[in-house]
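Let's take a walk through this structure together, stopping at a handful of places along the way. Please keep the sequence and the 3D view open as you read.

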Amino acid sequence: MQLELSQEHKDFQQEVRDFLATHLTDEIRQNSAIQASVRTDVDTATKWSKILAKKGWLAYTWPKSMGGPGFDITQRYIFESECALAGTPQLNNMGFRMVGPIIEKYGTKEQKDYHLPRIAQHEDTWCQGYSEPGAGSDLASLQTKAVSDGDDYVINGTKIWTTGAHYADHCFCLVRTSSAGKKQQGISFVLIDMKTPGITVDPIIMISGDHELNQVFFDDVRIPKSNRVGPENEGWTVAKYHLEFERGAIAYTPSLKAALENVKEIASKEPTGTGEYLINDNGFNKRLRDLEIRVMSAEYTERRFMSALSRGGNPGANASISKLMGSELNQEISELRMEAVGYHALPFLPETRIPGNNTAFPGPERARTATAKYLNNRATTIYAGSSEVQRTVVSKQILGL
Ligand SMILES: Cc1cc2nc3c(=O)[nH]c(=O)nc-3n(C[C@H](O)[C@H](O)[C@H](O)COP(=O)(O)OP(=O)(O)OC[C@H]3O[C@@H](n4cnc5c(N)ncnc54)[C@H](O)[C@@H]3O)c2cc1C
């Protein structure tokens with residue numbers, strides 16, 4: 001594993017830095033800085049997505065053959081690191097990160113020709129309809145039914161925790177097309193236009209006050225069978241491929257490092273009451289250094305996986321290690337950040353994090369998102385597969401227990 005960047009990669013790093021210095025406006029950066037959830041507000045995220053799309057860098061994980069920039073693994077890592085350090089918006093990545101690669105692998109020519117360019121240009125936004133009230137970790141228990149009717153399916157049921165369903169144009173969805181055999185059999189993967197009659201989206205407000213989650217109801221929703229991706233009843237295979245990428249092709253450590261820098265900055269401004277700053281407090285420092293060491297160890301683990309990926313192959317069960325380390329460290333950093341701002345963490349005013357809202361935050365700017373981020377990050381060890389489930393994957397598939 002080569003850790004030093006080659007000259008070519010250093011040049012690319014500079015190109016990314018120059019691009020960010022020119023295109024990441026103060027407004028976009030500030031709107032991004034006040035968000036606490038996994039997504040920056042839709043308007044800001046759309047603005048930034050369009051800027052990236054124009055440069056050809058929105059679907060930055062895609063090869064040239066799919067309409068992406070064809071970055072190698074190191075370029076992707078550099079791009080993600082520079083974006084995290086610069087504070088770019090958290091984008092709805094369900095199009096380019098999740099459904100795009102699935103359509104490329106399992107889709108028909110028509111599906112590829114229609115959807116891939118629209119995803120790369122941010123013409124459409126996507127949401128993921130997998131989880132149901134009775135099917136989360138045990139996803140194969142899903143009950144939303146798609147009944148065959150001529151050239152169509154008629155869909156009935158409900159999906160829950162659907163991030164971004166309230167603004168998404170399309171949903172990629174797992175539905176039950178057969179009840180025969182094992183529960184993993186009889187599932188199909190379909191694409192649903194969110195404007196189809198019979199779809200209702202109800203908001204679920206998070207503990208942080210943010211609206212990113214929803215419950216989606218399907219009442220006799222009719223979609224053409226040509227919207228199915230992959231063979232009927234083989235959606236589980238499609239979903240498994242996707243879940244690996246959802247967990248594994250993501251580099252967590254660039255944003256963890258940026259979050260730790262933010263905690264350090266807060267601690268260097270936060271007085272302790274003894275004429276000192278928090279950053280010089282031994283107890284605080286010990287926790288900070290401990291997290292730094294663990295983030296560094298996660299980074300090298302991640303680089304090791306990336307290095308393997310660059311030689312071809314899927315993330316496999318290693319994806320669970322990255323997901324586990326990334327999500328748990330993320331939580332701990334946000335916990336330390338909230339502690340660092342002390343009593344400024346107390347005001348709960350979600351409206352002070354809405355771009356354009358003129359309600360002043362009653363404390364220093366550095367404290368504005370601390371509590372909301374802490375609360376929102378409780379979810380990191382649940383979504384995209386809970387920590388308990390990831391530990392089971394690691395123990396069985398990697399440790400062979
Ligand atoms: C912020 C957020 C965003 C999300 N976005 C989406 C989205 O866009 N689309 C989507 O489809 N879903 C989404 N989800 C849903 C997410 O994938 C599920 O919440 C997750 O898979 C857990 O399922 P569950 O909530 O039904 O909990 P359950 O599966 O009921 O789990 C409850 C508890 O039991 C534990 N548990 C369950 N099974 C086992 C086991 N076999 N061994 C050990 N422990 C176990 C779990 O770890 C957890 O602690 C989102 C969730 C959150 C919190």
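A good place to begin is a network of salt bridges that links Glu261, Lys264, Arg289 and Glu292. Keep in mind as you look that this is a predicted model. Within the network, Glu292 pairs with Lys264, and their closest N and O atoms are 2.5 Å apart. This pair links distant parts of the chain, since Glu292 belongs to helix H9 (residues 282-310) and Lys264 to helix H8 (residues 253-269), with their positions 28 residues apart in sequence.

How many salt bridges does a search of the whole structure find? The count is 24. Another of them joins Lys50 to Glu123, with the closest N and O atoms 3.8 Å apart. Here too the pair links distant parts of the chain: Lys50 sits in helix H3, while Glu123 is found in the loop between helix H6 (109-120) and strand S1 (126-129), and the two are 73 residues apart. Lys50 is partly exposed, at 36% relative accessible area. Glu123 also counts as partly exposed, with a relative accessibility of 43%.

For a salt bridge inside one helix, turn to helix H6. The side chains of Asp113 and Lys109 meet there, with an N to O distance of 2.6 Å. Because Asp113 and Lys109 are 4 residues apart in helix H6, about one helical turn separates them. Asp113 is partly exposed at 46% relative accessibility, whereas Lys109 is exposed, with a relative accessible area of 56%.

Now let's move to the ligand. Which residues come nearest to it? Of the 17 residues around the ligand, these are Ser131, Ser137, Trp161, Ser386 and Glu388. Several polar atoms are worth displaying here. A polar side-chain atom of Glu388 lies 2.6 Å from an oxygen atom of the ligand. A nitrogen atom of the ligand is 2.8 Å from an N or O atom in the side chain of Thr163. The backbone takes part as well: a polar backbone atom of Tyr130 is 3.0 Å from a ligand oxygen atom. Taken alone, the ligand exposes 960 Å², and the protein buries 64% of that.

Glu388 deserves a second look. Its place is in helix H12, and it counts as exposed, at 57% relative accessibility, because the cut-off for that class is over 50%. Glu388 and Ser137 are 251 residues apart in sequence, yet their C-alpha atoms are 9.5 Å apart in space. For another pair, try Lys105 and Tyr343: they are 238 residues apart in sequence and 51 Å apart in space, again from C-alpha to C-alpha. Lys105 is found in helix H5 (residues 94-106) and is partly exposed, with a relative accessible area of 48%.

Follow helix H12 (residues 387-398) along to Ile398, which lies in it. Together with Leu399 and Leu401, Ile398 makes a nonpolar surface patch of about 330 Å². Ile398 itself is partly exposed, with a relative accessible area of 36%.

From the surface, turn to a residue that is covered. Is Gln35 buried or exposed? Gln35 is buried, because its relative accessible area is 11% and the cut-off is under 20%. It lies in the loop between helix H2 (26-33) and helix H3 (42-55). Its side chain reaches the backbone nitrogen of Ser37 at 3.1 Å. Leaving aside residues up to four places away in sequence, Gln35 touches Thr40, Gln90, Thr369 and Lys373.

Two backbone details round off the walk. Asp220 has a phi near 50°, a positive value in a residue other than glycine. Asp220 lies in strand S7 (residues 211-224) and is exposed, with 55% relative accessible area. Asn233 has a positive phi as well, about 70°, although it is not a glycine. You will find Asn233 in the loop between strand S8 (228-229) and helix H7 (235-248), where it is partly exposed at 28% relative accessible area.

Methods
Residues are numbered from 1 along each chain as its sequence is written. This is a predicted model: local features need pLDDT of at least 70, side-chain atom pairs count only at pLDDT 80 or more; totals for chains, interfaces and linings use all residues. Side-chain values use heavy atoms; hydrogens and water are left out. Buried means under 20% relative accessible area, exposed over 50%, partly exposed in between (1.4 Å probe, protein chains only). A polar contact is a pair of N or O atoms within 3.5 Å; within protein, one must be able to donate a hydrogen and the other to accept it, and residues adjacent in sequence count only if both atoms are side-chain atoms. Contact means heavy atoms within 4.5 Å. Patches are made of residues with over 30% relative accessible area and no salt bridge: like charges are joined within 9 Å, nonpolar side chains (Val, Leu, Ile, Met, Phe, Trp, Tyr) within 5 Å. Accessible areas come from the Shrake-Rupley method with a 1.4 Å probe; for residues, only the protein chains shown count as cover. A salt bridge is a side-chain nitrogen of Lys or Arg within 4 Å of a carboxyl oxygen of Asp or Glu. A residue is near a molecule or strand if one of its heavy atoms lies within 4 Å of it.
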